[in-house]
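Here are a few exercises to work through with the coordinates open in your viewer. Try each one yourself before reading its solution.

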Amino acid sequence: MFKRVFRSGCLVRTAHVILTWITTLVLFLHNTDLRRCQERGDLFAPLVFSALVLLSVLLYFTVSLMDPGFVLSDSNTERASVDRDEELEKMIPEEQSSLKQRRCGFCFLLQPMRAKHCRVCQRCVRRFDHHCPWIDNCVGERNHRWFLLYLCVQLAVLSWGLQTAWSGVVFAGTWQQWLTQNGFLFAAIGVTGVFSVVVLLLLCIHLYLASVNTTTWEFMSRHRIGYLKHCDSEENPFDRGVVCNLWDFFCVCGTVAWERIYSRRTNGTV
């Protein structure tokens with residue numbers, strides 16, 4: 001029973017929410033900048049901070065619960081069969097007869113290019129980036145931009161929370177009094193400080209990956225990926241330039257036929 005609960009992500013998501021709101025409560029209960037603004041009747045900063053915290057939690061659940069881009073499963077229903085046929089027709093270019101889809105060795109589905117099977121989710125994911133244990137979900141074609149947006153909002157909240165916690169630290173006559181008055185604040189500083197560094201690193205990495213149109217999986221394992229291992233170390237058949245890459249990443253929704261882009265680039269056409 002406990003294994004099923006943990007696999008469902010319930011414990012991870014509950015821990016995230018509890019840690020977020022406990023840290024927020026500590027910041028408001030101590031004599032921090034936010035508390036002083038409240039006491040002066042200036043509610044703008046406390047309301048904006050609370051709204052950012054709420055937005056970060058909502059984005060967390062959005063990224064955690066949404067479909068990351070699972071490959072359509074085989075189905076006996078007529079509608080699913082039609083969708084499957086249309087999907088395969090769009091994926092495989094007619095002019096590139098040598099370009100074939102690989103059949104997954106785990107779920108036995110035909111994998112579109114840039115898809116990978118996730119052993120945790122037990123599904124194939126389009127434009128697979130990585131499986132994130134903190135959101136208990138894959139990051140793929142459909143939720144990667146939302147994951148990056150979540151990191152931006154989370155970094156803003158953590159940075160503001162770190163500054164707020166530090167503003168509440170007070171001096172005392174003895175070490176015991178000092179620890180009694182600042183213990184919870186230092187716990188909040190530790191939590192926000194560690195997560196700020198982690199989120200900042202993740203944000204920088206994923207902004208770079210988006211700017212060159214690659215994924216964590218492709219970046220780390222290109223020597224083992226069939227459509228990349230013959231390319232030079234600096235060559236990326238999906239790279240269209242920083243501006244176009246970022247535009248496509250943030251503004252273009254829907255399934256992308258990477259086979260067609262790959263075949264045009266490898267054939268030397270634009």
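Before the first exercise, one cut-off: a residue counts as buried under 20% relative accessible area, as exposed over 50%, and as partly exposed in between. Keep in mind too that this is a predicted model.

**Exercise 1.** Work out whether Val 194 is buried or exposed, and find the surface patch that includes Val 194.

*Solution.*
- Start with the location: Val 194 sits in helix α7.
- Next, take its relative accessible area, which is 54%. The exposed class begins over 50%, so Val 194 is exposed.
- Now look at its partners. Val 194 joins Leu 19, Trp 134, Phe 195 and Val 198 in a nonpolar surface patch, and together they offer about 390 Å² of accessible area.
- Finally, ask who contributes what: helix α7, residues 175-211, gives the largest share of that patch, with 3 residues.

**Exercise 2.** Get an overview of the fold: count the helices and strands, then describe burial and contact range.

*Solution.*
- The chain has 10 helices and 6 strands.
- It runs to 270 residues, and 41% of them count as buried.
- For contact range, take the contacts between residues at least 6 apart in sequence: 62% of these join residues at least 24 apart.
- As for the surface, about 15800 Å² is exposed, with carbon and sulfur atoms supplying 65% of that.

**Exercise 3.** Describe how helices α4 and α6 pack against each other.

*Solution.*
- Two numbers do the job here, since a packed helix pair is described by the angle between the axes and the distance between them.
- For α4 (residues 44-65) and α6 (residues 144-167), the axes come within 9 Å and cross at roughly 145 degrees.
- The handedness comes next: α4 passes α6 in a left-handed crossing.
- To see the interface itself, display the side chains. From α4, the residues involved include Val 48, Phe 49, Leu 52 and Tyr 60, and on the α6 side they include Trp 146, Phe 147, Tyr 150 and Trp 160.

**Exercise 4.** The structure holds 6 salt bridges. Take the pairs Arg 13 with Asp 136, Arg 142 with Asp 67 and Arg 240 with Asp 248, and sort out the burial of each partner.

*Solution.*
- Arg 13 and Asp 136 meet at 4.0 Å, N to O. This pair ties together distant parts of the chain, 123 residues apart: Arg 13 is in helix α2, and Asp 136 is in the loop between β5 and β6. Arg 13 has 11% relative accessible area, so it is buried; Asp 136, at 18%, counts as buried as well.
- In the next pair, the closest N and O atoms of Arg 142 and Asp 67 are 3.3 Å apart. Here the partners are 75 residues apart, with Arg 142 in the loop between β6 and α6 and Asp 67 in the loop between α4 and α5. Arg 142 comes out partly exposed at 46%, and Asp 67 is partly exposed at 27%.
- Arg 240 and Asp 248 have an N to O distance of 2.4 Å. Arg 240 is partly exposed at 44%, and Asp 248 is partly exposed at 23%.

**Exercise 5.** Place Leu 109 in the fold and decide whether Leu 109 is buried or exposed.

*Solution.*
- Leu 109 lies in the loop between β1 and β2.
- Its relative accessible area is 8%, so Leu 109 is buried.
- Across the sequence, Leu 109 and Val 71 are 38 residues apart, and their C-alpha atoms are 8.0 Å apart in space.

Conventions. Residues are numbered from 1 along each chain as its sequence is written. This is a predicted model: local features need pLDDT of at least 70, side-chain atom pairs count only at pLDDT 80 or more; totals for chains, interfaces and linings use all residues. Side-chain values use heavy atoms; hydrogens and water are left out. Helices (H or I, at least four residues) and strands (E, at least two) are DSSP runs, numbered from the N terminus. Buried means under 20% relative accessible area, exposed over 50%, partly exposed in between (1.4 Å probe, protein chains only). Contact means heavy atoms within 4.5 Å. Accessible areas come from the Shrake-Rupley method with a 1.4 Å probe; for residues, only the protein chains shown count as cover. Patches are made of residues with over 30% relative accessible area and no salt bridge: like charges are joined within 9 Å, nonpolar side chains (Val, Leu, Ile, Met, Phe, Trp, Tyr) within 5 Å. A salt bridge is a side-chain nitrogen of Lys or Arg within 4 Å of a carboxyl oxygen of Asp or Glu. Axes are lines fitted to C-alpha atoms, for helices over the stretch in contact, and angles run from 0 to 180 degrees between N-to-C directions. A crossing is left-handed if the near helix is turned anticlockwise from the far one by less than a right angle, and right-handed if clockwise.
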